[in-house]
Amino acid sequence: MSSFNPLTLILNQNKLEGLNYVDWKRNLDIVLTAEVYKFVITEECPEKPENATDDQVKAYDKWVKADEMARCYILASMANVLQHQHQSMGSAYDMLESLKKMFGEQNRAAKQIAMKALLNTKMAEESLVRDHVLKMMSYFE
């Protein structure tokens, strides 16, 4: 019997293709937070010294398992071409940094274009205020 997981559905319906990086990243953050794996992209892997205490071993094992799961979520939620480029990376953090370098610049350019359009938009004569407000709201999105 298979179980339905709405979190994986979120990522399956919003696969990273490139131009949708911002939306994909937001959805990934939601899933990683809900699954309690997000800490692996903000915290370094704890050391596993040779004479580690039980607590140190548990902390290390928890981080490694969470990173593995985060990597799986990331890989499963991207286009095949991107999967091949990122599957051999060592950690979820490394994957996200690579994706940020690839697609983060597009986000900045899109914001600049939207801001310019927003600042230059004027309400046309005899048009409805509602239509103008909807147009302005679309630039914010």
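**Exercise 1. State whether Phe103 is buried or exposed, then describe the ring pair that Phe103 belongs to.**

Solution.
1. In this predicted model, Phe103 has a relative accessible area of 10%. The cut-off for buried is under 20%, so Phe103 is buried.
2. A pair of aromatic rings is described by the distance of the centres and the angle of the planes.
3. The structure contains three aromatic pairs. One of them joins Tyr21 and Phe103, with 6.2 Å centre to centre and 35° between the planes.
4. Planes under 30 degrees apart would count as stacked and planes over 60 as edge-to-face. The pair of Tyr21 and Phe103 is therefore tilted.
5. Tyr21 belongs to helix 2 (residues 21–34) and Phe103 to helix 5 (residues 92–120). With their positions 82 residues apart, the pair links distant parts of the chain.
6. Tyr21 is buried too, at a relative accessible area of 9%.
7. Ring pairs also bring in Trp24, giving a cluster of Tyr21, Trp24 and Phe103.

**Exercise 2. Classify the pair of Tyr37 and Tyr73, and say which parts of the chain it ties together.**

Solution.
1. The rings of Tyr37 and Tyr73 lie 6.3 Å apart, centre to centre, and their planes make an angle of 40°. This aromatic pair is tilted.
2. Tyr37 is in the loop between helix 2 and helix 3 (54–76), whereas Tyr73 is in helix 3 itself. The pair therefore ties together parts that are 36 residues apart in sequence.
3. Both partners are buried: Tyr37 has a relative accessible area of 17%, and Tyr73 has one of 12%.

**Exercise 3. Compare the span of helix 3 with the expected value, and list which of its residues are buried.**

Solution.
1. Helix 3 is made of 23 residues. From first C-alpha to last it reaches 33 Å, close to the 33 Å expected at 1.5 Å a residue.
2. The buried residues of helix 3 are Trp63, Ala66, Asp67, Ala70, Arg71, Tyr73, Ile74 and Leu75.
3. An α-helix has 3.6 residues a turn, so residues three or four places apart point the same way.
4. A further side-chain arrangement involves Lys62, whose charged end sits over the ring of Phe39, 5.2 Å from the ring centre.

**Exercise 4. Which residues does Ser98 touch beyond its sequence neighbours, and which side chain does its own side chain meet in a polar contact?**

Solution.
1. Ser98 is in helix 5 and counts as buried, at 18% relative accessibility.
2. Leaving out residues up to four places away in sequence, Ser98 touches His86 and Met89.
3. The side chains of Ser98 and His86 make a polar contact of 2.9 Å.

**Exercise 5. Where is Asn27, and what does it touch?**

Solution.
1. Asn27 is placed in helix 2, and its 15% relative accessibility makes it buried.
2. With residues up to four places away set aside, Asn27 touches Ile10, Leu11 and Asn14.

**Exercise 6. Examine the positive phi values of Val36 and Glu126, and give the setting of each residue.**

Solution.
1. Most residues other than glycine have a negative phi, and most peptide bonds are trans.
2. Val36, which is not a glycine, has a positive phi of about 60°. Its place is the loop between helix 2 and helix 3, and it is exposed, with a relative accessible area of 55%.
3. For Glu126, phi is near 65°, again a positive value in a residue other than glycine. Glu126 is in the loop between helix 5 and helix 6 (129–140), and counts as exposed at 82% relative accessibility.

**Exercise 7. How many disulfides are there, and how accessible are Cys45 and Cys72?**

Solution.
1. A disulfide requires a pair of cysteine sulfur atoms within 2.5 Å. The count by this rule is zero disulfides.
2. Cys45 counts as partly exposed, at 30% relative accessibility. Cys72 is partly exposed as well, with a relative accessible area of 43%.

**Exercise 8. Summarise the fold at the level of the whole chain: its elements, its burial and its contacts.**

Solution.
1. The protein chain has six helices and zero strands, and its pattern along the sequence is α-α-α-α-α-α.
2. Of its 141 residues, 28% count as buried.
3. Among contacts with a separation of 6 or more, 48% come from residues 24 or more positions apart.

Note on methods:
Residues numbered from 1 in each chain as written. Predicted model: local features only at pLDDT ≥ 70, side-chain atom pairs only at ≥ 80, totals over all residues. Heavy atoms only, no water. Phe/Tyr/Trp six-rings, centres within 6.5 Å; stacked < 30°, edge-to-face > 60°. Helix = DSSP H or I, 4+ residues; strand = E, 2+ residues; numbered from the N terminus. Buried < 20%, exposed > 50% of the residue type's maximum accessible area, 1.4 Å probe, protein only. Lys NZ or Arg CZ within 6 Å of the ring centre and 35° of its normal. Polar contact = N/O pair within 3.5 Å; in protein donor to acceptor, adjacent residues only side chain to side chain. Contact = heavy atoms within 4.5 Å. Expected span 1.5 Å × (residues − 1).
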